[in-house]
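Colleague: I've got this model open and would like a close look at one part of it, the strands and how they pair up. Could you walk me through that?

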Amino acid sequence: MDTPSRSTAVRIVAFVLVVALLTPSAVSALTYDPSEERTLTRGTVTSPANGSTIVSVQGYTFQGNTNRKKPARLISVGERGQTQWVHNDEVGSGAWFFDVDPMDNGNLLVSSPRSGKTVVYELNPETQERVWEKTFNITDTHDVDMLSEDEIVVANMREWNESAQVSDDRIFVYNRTTGEVTWEWYFKNHYPANTDGGYNKDWTHVNDVDPIGDGKLLLSPRNFDQAIVVDMETKEITRRLGSDGNHSVMNEQHNPDWILSENGTPTILVADSGNNRVVEYAYEDGEWVRTWTVGADTLNWPRDADRLPNGNTLIVDTLNHRVIEVTPTGEVVWEYYATWGPYDAERVAHGDESSGPTIRDMNASGTYAITGSANLTAGAGDGTGFASQIRATFSGTALEAPMNEFATRWAHVTPWLRPVWMSGWDFVWAIAAAAVVLFWGATELVLGRHRIVGAARSVRGR
């Protein structure tokens with residue numbers, strides 16, 4: 001076969017391969033019916049909740065454009081998993097919802113970044129109207145908390161000082177009555193500049209601030225893999241769980257809760273997001289001891305965990321798009337599916353954060369799998385199928401560690417990027433098709449250059 005014939009054959013093979021790889025996505029797009037998508041639905045409910053559960057759904061926004069099929073919203077869920085109301089707020093562009101806290105008066109404190117700023121407001125759930133609001137000129141704020149009747153404390157991430165090339169990430173207190181910032185605490189004053197690889201525009205990614213009494217705050221600098229307690233008077237760090245890069249303790253955690261055991265032992269319950277688990281640590285004899293692990297083989301990027309008075313734990317399983325209540329031994333007794341990317345969940349009757357006993361107080365220390373889920377698919381696709389296949393393929397090989405890291409990143413990132421009508425494997429085939437097209441194009445360029453060079457040499461040789 002001559003060279004032109006070989007080139008034609010290669011083009012045909014490449015074309016057929018691209019079509020074959022894109023066919024699953026095309027079929028999914030043509031057959032996708034949004035009305036059949038179970039975006040808000042109950043899962044397992046064997047133990048009705050004590051009142052309503054408020055869920056904040058982050059949604060998906062890219063470069064200021066909100067995907068209407070992956071909306072940001074607040075949802076009230078009833079005792080038996082029924083949807084009570086949905087609060088969609090599209091004031092401004094690029095809206096997200098992160099922290100939502102039940103207030104003593106029955107209203108909700110909401111943190112909602114949008115358009116490069118952060119809107120904090122008190123929402124009346126009955127009228128769906130804002131009682132008050134404050135717009136801060138800060139971006140992507142994940143958490144605010146009431147410190148007093150007039151004061152709110154704010155976790156201010158991504159506060160980049162462009163002129164000095166320094167991170168000004170901080171915690172600050174704002175007085176709503178006077179309109180003034182009355183207290184500030186800067187991470188750069190308490191951490192070496194080389195922490196997490198050095199200053200950058202998302203240096204700390206501090207995603208949580210909780211007043212825990214006695215003038216102390218519990219903070220979660222996610223990128224530092226730590227939860228810390230800060231004394232507001234001395235501004236010193238008095239407790240520290242985890243250390244930068246030590247992923248055996250925590251890996252990019254979210255929303256740690258401070259609990260005191262019956263004998264006064266400090267305890268932290270935390271969604272260990274990067275390790276796909278929820279863990280609990282007790283502080284004894286000068287060190288933190290892990291007393292509980294749940295969901296390591298089931299959860300996908302959990303971002304909130306609250307201990308309820310009945311001893312169960314309310315968990316936001318973000319990339320499985322659900323909120324679950326599990327017993328100390330990991331059995332699901334209440335479950336609600338809420339796409340796209342739930343962030344925070346609070347059982348309203350019990351207020352903000354954890355209000356239940358520690359695992360040790362219940363004599364339930366140990367490591368447990370999650371069982372009893374309805375295993376519904378929230379939204380379209382299978383999410384982690386490809387990641388699971390990668391882990392299984394390279395298990396026990398020299399590449400196990402890096403491929404597990406790749407699989408984890410894939411499972412955490414791609415659900416946000418792929419269209420809602422495309423399954424996880426459809427997305428894999430689409431990426432493979434793009435790679436074939438790129439390789440094909442590069443090959444055509446190289447062959448074209450060779451033909452031009454060959455023709456030029458032929459002309460010079462005459």
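Modeller: Here is a tour of the strands, with a short stop at a helical stretch at the end. Keep in mind that this is a predicted model.

Let's start with strand 28, residues 332-338. Of its 7 residues, 7 are buried, so strand 28 is largely enclosed by the rest of the structure. It has pairings with strand 1 and strand 27, so let's take them in turn. Strand 1 covers residues 40-45 and runs antiparallel to strand 28, with 4 bridges joining the two. If you want a spot to click on, L40 has A338 of strand 28 as its bridge partner. Strand 27, residues 322-326, is also antiparallel to strand 28, and here 5 bridges make the connection. In that pairing, V326 sits opposite V332. Strands 27 and 28 form a hairpin with 5 residues between the strands, and G330 in that hairpin takes a positive phi near 90°.

Now for the open sheet. It has 4 strands in the order 6-5-2-29, and the pairing is antiparallel. Strand 6 (83-87) and strand 29 (342-347) stand at the edges; each has a single partner strand, so one side of each is left without a neighbour in the sheet. Going from one strand to the next, the twist averages 15°. For a look at the strand 6 edge, take strand 5, residues 73-77: 4 bridges tie it to strand 6, and the two run antiparallel. Within that pair, L74 faces H87 of strand 6. As a general reminder, strands of a sheet pair through backbone hydrogen bonds, whether parallel or antiparallel.

One more strand residue is worth a click. T293 belongs to strand 24, which spans residues 287-294. Is T293 buried or exposed? With a relative accessible area of 5%, T293 falls under the 20% cut-off, so it counts as buried. As for what surrounds it, leaving out residues up to four places away in sequence, T293 touches R277, V278 and V279, and also G366, T367 and Y368.

Last, the helical stretch. UniProt lists residues 427-447 as "transmembrane region", and the entry is an unreviewed one. In the model, the chain over residues 427-447 is 100% helix and 0% strand. The C-alpha atoms at the two ends of that stretch are 30 Å apart.

Key
Residues numbered from 1 in each chain as written. Predicted model: local features only at pLDDT ≥ 70, side-chain atom pairs only at ≥ 80, totals over all residues. Heavy atoms only, no water. UniProt positions renumbered as here; feature names shortened; annotations may be inferred. Pairing = 2+ DSSP bridges. Axes fitted to C-alpha atoms, helices over the stretch in contact; angles between N-to-C directions. Buried < 20%, exposed > 50% of the residue type's maximum accessible area, 1.4 Å probe, protein only. Contact = heavy atoms within 4.5 Å.
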